[in-house]
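Subject: Structure handover and findings

Hello,

Here is the structure I promised to send over. Please open it alongside this note; my findings follow below.

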Amino acid sequence: MEPRGRGAAPGGVSVSAVLPAGGSGERLGGATPKQFCAVQGRPLVSYAVRAMERISWISDIVVVVSPENIETMKTIIEKYGHKRVTVVEGGITRHRSIFNGLKVFAENEFSSHLLQKPEVVIIHDAVRPFVEEDIVSKVVMAAKEHGAAGAIRPLVSTVIASAADGCLDHSLERARYRASEMPQAFLFDIIYEAYQQCTDYDLDYGTECLHLALKYCKTNAKLVEGTADLWKVTYKRDLYAAESIIKDNLSQQVCVITNVKETLAQVGFLLPESLKSQIKVEAISVSLSKNDSCLQNIISGQCYNFVCVNDKRWAIQETQELVDVLEKSNIPLLYPVVLILDPLLLQETVNSAAAVIMALIKDRNPELIGQLLVA
């Protein structure tokens with residue numbers, strides 16, 4: 001079977017990813033496990049899958065979920081058009097779930113569709129949605145050289161140990177220690193052998209994959225300094241922080257679309273000029289009915305905000321054509337902001353219109369979805 005990734009991996013190795021997503025989310029509170037909580041209308045796990053999916057050199061993405069959530073995960077994959085994803089039934093603990101995820105590359109009896117075994121496997125929590133290709137590439141390269149690697153971050157708080165009576169025993173020198181984060185990467189044969197040798201105690205109570213590689217395969221992991229956005233969604237407040245980050249990420253660019261008519265040219269110039277001080281702007285004149293390639297290029301660049309400047313006679317028709325183009329695109333990460341503006345009114349109130357546009361883009365209030373606002 002040929003790898004399904006399209007790009008060249010760092011160091012020329014084949015790479016796949018395992019995303020454990022079987023937790024119950026007890027610390028978050030509520031009935032829905034955190035990986036399935038909606039953030040800006042989309043399950044958290046989908047963001048983590050997308051983060052791996054957009055790295056073209058990752059051949060396969062294995063998502064490990066609890067038995068009762070298998071159909072939920074499959075529905076998410078279908079709804080959001082995820083590719084190269086295999087859903088696997090998890091175990092009763094984190095390590096048992098990761099082990100199950102690795103088995104689909106090595107044990108025919110575990111999966112009806114055995115995936116091609118990668119040289120390097122990435123392990124990344126499904127509730128860490130903001131991982132970027134740069135750090136993934138660094139841990140993969142380090143794993144190729146050292147056998148295992150993981151992202152780390154400086155400790156924020158001092159770690160202390162308490163005595164049996166509940167009083168302070170001692171504190172650690174914070175500068176000497178680091179917080180272990182994700183992603184982590186391993187030569188597949190090393191981490192798979194480590195899991196095969198694990199005791200039941202390790203599988204039930206262990207948390208650190210890097211420690212297993214050291215304990216059972218004598219592989220000393222290379223530690224790679226990570227970025228501040230590698231944190232894990234654990235508590236309810238983390239969901240609000242994640243939502244804020246996602247809103248900000250989606251609000252970096254706007255595409256101002258004007259019809260090719262000369263009467264709209266002035267507005268097509270004034271509005272972008274007013275917006276440029278607050279957001280990156282792409283301004284284009286297209287004929288939507290002709291499915292303009294310039295618009296297609298912007299969509300493929302993952303812009304999620306579109307302002308359609310049209311006269312009232314054509315606004316509904318051409319905006320519907322724009323929505324159709326967006327729905328047929330391959331990048332429906334989240335609903336885009338689509339606005340219709342009357343150029344006759346806008347010429348006198350361009351700054352006010354820009355303020356309204358920025359408010360909608362930054363807020364991304366789901367209650368405004370599908371609303372038609374007429375000035």
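I start with Ile 98, which sits in helix H3, residues 94-103. Bear in mind throughout that this is a predicted model.

Is Ile 98 buried or exposed? Its relative accessibility is 0%, so Ile 98 counts as buried. Setting aside neighbours within four places in sequence, Ile 98 touches Val 18, Pro 20, Ile 123, Tyr 195 and Cys 209. Cys 209 is worth a look. Along the chain, Ile 98 and Cys 209 are 111 residues apart. Their C-alpha atoms are separated by 9.2 Å.

Next, Val 136. This residue belongs to helix H4, which covers residues 133-146. Val 136 has 0% relative accessibility and therefore counts as buried. Which residues is it in contact with, leaving aside neighbours within four places in sequence? For Val 136 they are Met 52, Ile 55, Trp 57, Ile 122, Val 131 and Pro 183. There is also a pair to check by distance: the C-alpha atoms of Val 136 and Pro 10 are separated by 9.7 Å. Those two residues are 126 apart along the chain.

One of the contacts of Val 136, Pro 183, leads to the backbone. Pro 183 is placed in strand S10, residues 178-187. The peptide bond that joins Met 182 to Pro 183 is cis, with omega at about 10°.

Two more backbone points concern phi.

- Arg 84 is not a glycine, yet its phi is positive, about 60°. Arg 84 is in the loop between helix H2 (70-79) and strand S5 (85-89). With a relative accessible area of 7%, Arg 84 is buried.
- Lys 218 also has a positive phi, near 55°, and is a residue other than glycine. The loop that holds Lys 218 runs between helix H7 (209-217) and strand S11 (222-225). Is Lys 218 buried or exposed? At 68% relative accessibility, Lys 218 counts as exposed. The cut-off for exposed is over 50%.

So much for the backbone; now the cysteines. How many disulfides does the structure hold? The structure has zero. Cys 217 shows the spacing: it is in no disulfide, and the nearest cysteine sulfur, that of Cys 198, is 9.1 Å away. A disulfide would need the two sulfur atoms within 2.5 Å, so this pair does not qualify. Cys 217 has 17% relative accessibility and counts as buried. Cys 37 is buried too, with a relative accessible area of 13%. Both values fall under the 20% cut-off, which is why these two cysteines are classed as buried.

Finally, the overall picture. The protein has 13 helices and 15 strands. It has 375 residues, and 49% of them count as buried. What share of the contacts between residues at least 6 apart in sequence join residues at least 24 apart? In this protein the share is 75%. The exposed area is about 18800 Å². Carbon and sulfur atoms supply 50% of that area.

If you have time for a few views, I would suggest these:

- Ile 98 with Cys 209, which are in contact.
- The cis bond between Met 182 and Pro 183.
- Arg 84 and Lys 218, for their positive phi values.

Best wishes

Terms used
Residues numbered from 1 in each chain as written. Predicted model: local features only at pLDDT ≥ 70, side-chain atom pairs only at ≥ 80, totals over all residues. Heavy atoms only, no water. Buried < 20%, exposed > 50% of the residue type's maximum accessible area, 1.4 Å probe, protein only. Helix = DSSP H or I, 4+ residues; strand = E, 2+ residues; numbered from the N terminus. Contact = heavy atoms within 4.5 Å. Areas by Shrake-Rupley, 256 points an atom, 1.4 Å probe, with all protein chains shown as cover.
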